Amino acid sequence: MARTVLAAMIAVILGVGGPPVRAEAAETWTGPLSTRGRYIVDANGERFKLRSGNWHGASGTWNGSGDTAVDANHHAGENANRIPLGLDRAPLTTIVDSFREIGLNSVRLPFSSEMVRDTVPVTDAADAANPQLRGMTPLQVYDRVVAALTDGGLAVILNNHTTTTRWCCGVDGNERWNTSQTAQVWEDTWVTMARRYAGDSRVVGADLYNEVRRTVLDDPNWGWGNDHDWFTASQRAADRILREANPNLLIIVEGINWTGIPVDGFAHERPTLKPVRTLSHTLVTSGKLVYSAHFYDYTGPNHSGASGVGETTDPRYRDLSPAELTEVLYRDAFFVSAETGQHFTAPVWISEFGVDGNAAAGSLQRTWFANFVAELIRHDADFAYWPVVGWSEQRAANGWALLFWDRAGTRTIAQDWRSEIWSRLLTATGFTGHVQSTPTWSMLSPDNGDFVASSRLRNQGDWDSGARKAACPDGQRLAGMGHTGNRGLCYGPAGAFTGTQVVTGEQNVTTDWASGYTKLQCPAGSAVIGYAVRGAAMSSVICGALGLPNSSGRTVWFDRGDNRPSGNPGGDFASGNYKGQCAADEFVAGVAYTGRIFSSKTPDALYCLRA
């Protein structure tokens, strides 16, 4: 809808211009969604900015002790009964219509892994306002909710919020994707859910896991290769979803929420997306990766958000000045979308933020919310408010929601101090319209095992048995390599290869472009699309026939320092190690190494030919 119409509508709905009115029809868009650089786009290439809300409940509201049937034993006294909150109070279609009325175009819909396997029907009281849902299991209710949201024109992002159906997020058995279940069960659950809604193009995303954090004894990590490695686990689950269940889904990977012991004098922090700068995901389906992060006033870059036990003297986000907040948010999240043309460049979705509507005038909470929304506007960021739905009778104690329903089904909207700020966010000027396709840079990181991002090569099988293999996504070719550490950089578009050749020797070498070194060179018309290593040593390259022209080449040495194009396009793909990289209008036709004494057969030079 026109921005001026939306602005007027939101102003009226949120109580800054008169009584509420019914919203216009949902905006027109066509699924599925994908990404182009830092933007999410629809099937027509039009920017689709996620203006989302979190509709919680199906992931659990029980606090973990006491009778689950007693409301007081649930978060804020609001018992969702294992299904999205509010279905006992208002018809499903009414709730969906209300989401559109307050300006949402999408919903993050949490679920627990336990919910997917829960065969106990919900009680009649749990869905009292929706008799058509009676006798259903929580998953069957979730199905109907998904359908109602997408029928109403809203995009749905599935969110594996917890493992068990209880409130998140402390030391509660839900800290990691594999804390209360195996990684295999977690992956299999995701494949099941992705397949379940594959026929609905408005189910647009898989938000893999919520707020990965420390258990009592152990931290999660980003790239260590063990069973606490969130980077590797999310990469593997994402590829399974895209290859086995639904190649159309956006894959949303949240940064790490917490590491360390929250005690002054011990190391502790919220890493969020900082690790992405030096180790980013490359999925088997390009244009599907979105990164996400969460920010609340009571947490901080080194503050867990706890009060009392677990509270430290570190500043909370609400304690930061506007300039400090700008710096921290950029460092920890917004750099991912702000710095274009990097291996990590992707949309950033702030999939949780919110504030208590009961915050007092002049409070730090109110100031923080205004400052944070200003940052969302500054970065034209995708966002999801937490939560959308609340209970009217709990509003005095829990005023976070935007929409409240009482037991009689009467709805009220949060017409409080947040209204003007929310309206400002929804109506802010941002990029709209068609998003041009841009060249893509991708990282290869076979640090701890195979990293084959080409679906075609995976289907062809093992090209170098016993070696760790890395390959560019389909449509990209190798652009650079690290001297040590086995990292690679890919660039595209490069077209589809018509055949492949594995090269382990010098049979294709026509000129001595690296005298005294062993040269693995592709045949004419082909480019390197992958490589294999044994330990640190080169084992082979795999070449894709791309119909490239025969041209003169140049040797790029990087055994004694970086040798990259001006401006370092693609970013630091092998942090701490020397790197070599061909220009954007060239392709890698060969890799040279030496096995002489004190050498480790690591890449020393690239043979770059003009495309």
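**Figure 1. Buried residues of helix α5 in the predicted model.** In α5, the buried residues are A183, W186, E187, T189, W190, V191, M193 and A194; the structure shown here and in the other views is a predicted model. These buried residues pack against three helices, α3 (113-117), α4 (138-151) and α6 (230-245), and against the strands β4 (106-112), β5 (155-162) and β6 (203-207). The end C-alpha atoms of α5 lie 20 Å apart, which agrees with the 20 Å that its 14 residues should span at 1.5 Å a residue.

**Figure 2. Surroundings of E187.** E187 belongs to helix α5 (residues 183-196). Its relative accessible area is 5%, and E187 therefore counts as buried, the limit being under 20%. The side chains of E187 and R236 are joined by a polar contact of 2.6 Å. With neighbours within four places in sequence left aside, E187 is in contact with R236, A237 and R240.

**Figure 3. Helix α8 and its buried face.** Helix α8 (residues 364-378) comprises 15 residues and reaches 21 Å from its first C-alpha to its last, close to the 21 Å expected at 1.5 Å a residue. W368, F369, F372, V373, E375 and L376 are the buried residues of this helix. Viewed down the axis of α8, they fall within an arc of 155 degrees, so they line one face of the helix. The elements that cover them include the helices α7 (322-338) and α9 (418-427), together with the strands β11 (348-353) and β12 (382-385). After α8 comes D380, which has a positive phi, near 50 degrees.

**Figure 4. Pairing of strands β16 and β20.** Strand β16 (residues 440-444) is mostly covered, with 4 of its 5 residues buried. β16 runs antiparallel to strand β20 (residues 488-492), and 5 bridges join the two. Within this pairing, M443 has L489 of β20 as its bridge partner.

**Figure 5. The open sheet β22-β27-β28-β25.** Four strands form an open sheet in the order β22-β27-β28-β25, and their pairing is antiparallel. β22 (518-521) and β25 (553-557) occupy the edges; each has a single partner strand, so one side of each is left without a neighbour in the sheet. From one strand to the next, the twist averages 30 degrees. The partner of β25 shown here is strand β28 (residues 603-610), to which β25 is joined by 5 bridges in an antiparallel arrangement. One bridge pairs R554 with C608 of β28.

Methods. Residues are numbered from 1 along each chain as its sequence is written. This is a predicted model: local features need pLDDT of at least 70, side-chain atom pairs count only at pLDDT 80 or more; totals for chains, interfaces and linings use all residues. Side-chain values use heavy atoms; hydrogens and water are left out. Two strands pair if DSSP finds at least two bridges between them. Axes are lines fitted to C-alpha atoms, for helices over the stretch in contact, and angles run from 0 to 180 degrees between N-to-C directions. Buried means under 20% relative accessible area, exposed over 50%, partly exposed in between (1.4 Å probe, protein chains only). A polar contact is a pair of N or O atoms within 3.5 Å; within protein, one must be able to donate a hydrogen and the other to accept it, and residues adjacent in sequence count only if both atoms are side-chain atoms. Contact means heavy atoms within 4.5 Å. The expected span of a helix is 1.5 Å times one less than its number of residues. The arc is that of the directions from the helix axis to the C-beta atoms.
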